[in-house]
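Work through the exercises below with the structure open. Each task is followed by a stepwise solution.

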Amino acid sequence: MTKYFFFSNNKNIRHYFNSREEAEHQRDLMNGSIIYESDENSYNEYLNKKKINKEKEFTHKSNDISWLKNSTKLIKSNFSKYQSIQIYHPKNSSYFGDSDQRLLNFKDFYKFKDKKCFEAVLFYSECLRYVIPSNKNIYLCCVPSSKAYTKNTLAYLIRKLSAGPIIDGSELLVTTKNRLEKKKKNAFTDEELASTINVKGKYIPKDYQILLLDDVVTSGQSFNVCQKLIAEAGFNNQITCLALGYTSMNWNPKSFSDEIIVKNTFIEPINKSDSQRRPPKVTSGRFDNLKPNESENHKEDIFPELTGKALLRKISRLSNSNIDEIVIACGYIKRKDNYGNVYPDFEKFNKALSTAKEKGHNYEEDIKKTFEDNSEKLLKKLDDLKNYIEKKKIKEKVKNKVKSLSSKILNFFN
């Protein structure tokens with residue numbers, strides 16, 4: 001069994017070494033105490049205890065919002081360490097009202113995309129502009145959707161608000177396995193929740209801090225798990241959490257969201273001084289000393305403009321994506337900036353889609369016709385193959401008979 005040697009420094013922190021000589025040398029440098037001998041089991045127990053203490057320390061760490069604007073006006077609950085912009089009352093609460101319905105409309109933006117839903121998105125974009133500083137280095141990300149590889153409304157809003165020193169991190173956390181939403185009273189442990197979420201490898205500059213958003217916070221479990229996953233992936237700077245709403249049945253305090261008046265008709269970035277540069281993808285999930293992938297920075301993406309049946313097929317395959325992604329994937333790009341960002345051309349896309357729909361009645365017929373033609377061709381090929389095999393068998397039989405006959409004739413003459 002491996003032997004270990006350790007001593008404690010002035011702060012009573014243990015330092016382990018594989019050899020006594022190394023331990024003595026480091027003890028002299030650090031003014032440590034007496035050197036003790038330890039077996040492997042004691043060493044592993046010490047590591048486990050250290051890990052548990054670190055996790056406890058992380059769990060009870062406070063959520064620092066002091067760097068946010070108007071932080072004193074945010075809602076703070078006695079039961080959760082996380083802050084929110086407003087209170088959210090569920091539908092079965094006697095306090096359920098317009099502000100709660102607005103938050104539900106915000107969450108449903110990707111499902112319906114009607115006027116009320118967009119107005120809700122526009123409202124919360126103004127609320128976040130009221131809170132998020134425009135001149136700080138912020139990596140803006142969100143708790144992912146409960147459905148695998150599906151983007152939620154917060155991801156959409158983050159892409160719109162990000163620019164300049166505020167980096168779009170909407171794809172940092174990804175759900176890889178479907179889970180039931182909490183409103184269905186589905187209880188799961190932190191470990192079960194963590195097993196459904198992955199941290200994608202992204203380049204985050206060293207001088208940046210993360211602002212993690214969620215639409216509604218109840219117990220704070222999603223924030224706890226996401227914070228821990230990001231920290232375990234190697235991000236060592238500050239991670240601040242902020243929710244749009246905090247769930248409560250009977251608490252109904254006023255918040256600054258009651259005073260927000262929306263004047264804009266579209267969503268503008270919080271800092272408009274510079275175009276948004278999307279962080280390039282990297283192969284590692286770690287954040288320490290990561291550098292941008294230069295080959296991806298200058299990569300030119302070619303999108304052919306699809307029309308007719310090809311356009312309808314592409315839209316059908318991308319039915320779960322948002323409209324911006326569908327338009328770009330179909331090749332309808334208005335412009336491309338120096339940072340590689342592309343902007344959808346909705347006008348040309350809608351014209352091409354209208355034209356395709358006018359001829360779309362032949363689409364299913366053509367598919368059936370193509371299927372029938374392919375089926376007939378396949379059956380013909382199968383028949384040809386059978387005939388070929390039968391002919392080959394007959395030839396083999398004839399050859400064998402000729403061989404036997406020739407051998408008999410030779411035997412007769414001999």
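A residue is buried when its relative accessible area is under 20%, exposed when that area is over 50%, and partly exposed in between. Apply this to a predicted model.

**Exercise 1. Overall make-up**

Task: State how many helices and strands the protein has, and what share of the residues is buried.

Solution.
- Step 1. Count the elements: 13 helices and 13 strands.
- Step 2. Take the burial share: buried residues make up 37% of the 414 residues.
- Step 3. Turn to contacts with a separation of 6 or more: 70% of them link residues 24 or more positions apart.

**Exercise 2. Helix H3**

Task: Which residues of H3 are buried, and what covers them?

Solution.
- Step 1. Apply the cut-off to H3. Asp100, Leu103, Leu104, Asn105 and Phe106 are buried.
- Step 2. List the cover. It includes strand E5, helices H4 (109-112), H5 and H6, and strands E10 and E11.

**Exercise 3. The largest nonpolar core**

Task: Find which members of the largest nonpolar core touch the most other members, and which element gives the largest share.

Solution.
- Step 1. Start from the principle. Nonpolar side chains tend to be buried together in soluble globular proteins.
- Step 2. Rank the members. The core has 39 residues, and Phe106, Leu128, Leu211 and Leu213 touch the most others in it.
- Step 3. Map the core onto elements. Those giving two or more residues are E5 (83-88), H3 (98-107), H5 (115-131), E6 (138-142), H6 (153-161), E10 (209-217) and E11 (239-247).
- Step 4. Pick the main contributor. H5 supplies nine residues, the largest share.
- Step 5. Set the other core apart. A second, separate core has 29 residues, among them Phe188, Val217, Phe235 and Ile239.
- Step 6. Zoom in on Leu211. Beyond neighbours within four places in sequence, Leu211 contacts Trp67, Leu68, Ile132, Ile138, Tyr139, Leu140, Cys141, Thr240 and Leu242.

**Exercise 4. Two helix pairs**

Task: Are H5 and H6 oblique or parallel to each other? Then treat H10 and H12 in the same way.

Solution.
- Step 1. Read the first geometry. H5 and H6 pack at about 55°, with axes 11 Å apart.
- Step 2. Classify. Angles of 65 to 115 degrees count as roughly perpendicular and those under 35 as roughly parallel. H5 and H6 are therefore oblique.
- Step 3. Add the handedness. H5 passes H6 in a right-handed crossing.
- Step 4. Name the contact. Phe118, Val121, Tyr124, Ser125, Leu128 and Arg129 of H5 meet Thr153, Tyr156, Leu157 and Leu161 of H6.
- Step 5. Sort that contact by class: seven nonpolar, two polar and one charged.
- Step 6. Move to the second pair. The axes of H10 (308-317) and H12 (346-358) come within 9 Å and cross at roughly 105°. H10 and H12 are therefore roughly perpendicular.
- Step 7. Name this contact. H10 brings Gly308, Leu311, Leu312 and Ile315, and H12 brings Phe349, Ala352, Leu353 and Ala356. By class there are seven nonpolar residues, one polar and no charged.

**Exercise 5. Positive phi**

Task: Where does Asn70 lie, and is Tyr149 buried or exposed?

Solution.
- Step 1. Recall the norm. Most residues other than glycine have a negative phi.
- Step 2. Check Asn70. Its phi is positive, near 50°.
- Step 3. Place Asn70. It lies in the loop between H2 (40-59) and E4 (75-76). Asn70 counts as partly exposed, because its relative accessibility is 30%.
- Step 4. Check Tyr149. Its phi is positive too, about 55°.
- Step 5. Place Tyr149. It is in the loop between E6 and H6. Tyr149 is exposed, with a relative accessible area of 63%.

Methods:
Residues numbered from 1 in each chain as written. Predicted model: local features only at pLDDT ≥ 70, side-chain atom pairs only at ≥ 80, totals over all residues. Heavy atoms only, no water. Core = buried A, V, L, I, M, F, W, Y, C linked by side-chain atoms within 4.5 Å. Buried < 20%, exposed > 50% of the residue type's maximum accessible area, 1.4 Å probe, protein only. Helix = DSSP H or I, 4+ residues; strand = E, 2+ residues; numbered from the N terminus. Contact = heavy atoms within 4.5 Å. Axes fitted to C-alpha atoms, helices over the stretch in contact; angles between N-to-C directions. Parallel < 35°, antiparallel > 145°, perpendicular 65-115°, else oblique. Left-handed = near helix turned anticlockwise from the far one by under 90°. Nonpolar A, V, L, I, M, F, W, Y, C, P; charged D, E, K, R; others polar.
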